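User: Please take a close look at the salt bridges in this structure, and describe where their partners sit and how open they are to the surroundings.

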Amino acid sequence: MIGVAEYPDDGTFESVEGASYNVLRLKELLTDPAYAGFHPKREYTRTMLNPHTADGIRAAVKRAAEQATDVLFVYYVGHGSRVGAERELYLTTCTTASGESVETTGLRYTVLRGLLRGARARVVVLVLDCCFSGIATKVLGGDDAEAMAEEELLDQAKVNEDVEEGLVDGVCVMASSGPTQSSEASDPLTRYTAFTGHLVTVLENGDGDTAPLLLGELFRRTEKRMDRFNVEHQPLMATVGTAGDLVMRQAAAPPAEPGAVSADVPTPAAPTSAVSVTSEAPADAEQRPGLLSWLPDGTIVVHDPEYAERIIGMRGHPTTPVTPTDAPVACDTAQGGTHDGH
């Protein structure tokens, strides 16, 4: 989970304030047993906020690619930049000041692609939330499509061959925008970036669906939601094999039928105004030690007559509600400012 939120003050890249929120919330969801269920320990789920060097990102991904045998899930959010004659995609770090310096301070996408090609995992998932991230999916568009004819995450023919031979189960790449599009760095409705914000909303809410939410369906619902909210960039996904069937949220319990009471939920006690107090227990009431007993109908049985008189006397004198002196203070968490893209 890699997020770059801060950039040099004297550079041309603005901060991506939602990046930190993206990484922390996604990690929280993905390691929740009710969702994807990834192991939360650091050796299994690594979080990198504001990495300073491309070497740091490369080393972390390389280690994960060598260790993961089941699922390798890589997420990046930050500024993306296309440079050079080949218009290659670079992922920035917090020391990247501008597009001119990205080649020396950022991570070239083809390097990341090479690391993931060598992964041991049965399923490889890459999610890129940055400008021009659609380059990674080979779903190209626009007038310069031929000039951008770059291979996707794993060579299509090689992936199909590996799937057929049983070497891997699948590969999936999600991109927040097309190869020539910017990605919105802030969602006016949430504190996240636009793409991840809508993805998180779908993942959390699920539209009331109780069936397991799979990776492919998560993307499709996120895409529809972005279109409904008029997000100007188009998310893209490329998938091979069974990667789209990765469970991102477990099945939810169906809603209870009207009037049904769960056996695990105790019957609530009667309200104070309806509670009956008596000093004599019925003949069939179970005698318990102590001053008080509760009957199934909400009646309180008081075994000590003197204590019963005290309670009845107190019930005849209503108490004045206590007004809290420390009223809660509303906290404004809205993000200020807007960004052209990230």
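Analyst: A residue is called buried when its relative accessible area is under 20%, exposed when over 50%, and partly exposed in between. The model is predicted, and it holds 7 salt bridges.

In one of them, Glu217 pairs with Arg221, with 2.9 Å between the closest N and O atoms. Both residues belong to helix H7 (residues 215-228), where a spacing of 4 residues separates them by about one helical turn. The two partners fall into separate accessibility classes, because Arg221, at a relative accessible area of 16%, is under the 20% limit and therefore buried, whereas Glu217, at 28%, is partly exposed.

Salt bridges with shared partners also join Arg25, Glu28 and Glu204 into one network. Within this network, the side chains of Glu204 and Arg25 meet at 2.6 Å, N to O. That pair links distant parts of the chain, since Glu204 lies in helix H6 (residues 194-205) and Arg25 in helix H1 (residues 18-30), 179 residues apart. Glu204 itself counts as partly exposed, with a relative accessibility of 31%.

A further salt bridge connects Asp55 with Arg58, whose closest N and O atoms are 1.8 Å apart. Both residues lie in helix H2 (residues 54-67), 3 residues apart, about one turn of the helix. Here each partner is partly exposed, Asp55 having a relative accessible area of 47% and Arg58 a relative accessibility of 28%.

Definitions and conventions: Residues are numbered from 1 along each chain as its sequence is written. This is a predicted model: local features need pLDDT of at least 70, side-chain atom pairs count only at pLDDT 80 or more; totals for chains, interfaces and linings use all residues. Side-chain values use heavy atoms; hydrogens and water are left out. A salt bridge is a side-chain nitrogen of Lys or Arg within 4 Å of a carboxyl oxygen of Asp or Glu. Helices (H or I, at least four residues) and strands (E, at least two) are DSSP runs, numbered from the N terminus. Buried means under 20% relative accessible area, exposed over 50%, partly exposed in between (1.4 Å probe, protein chains only).
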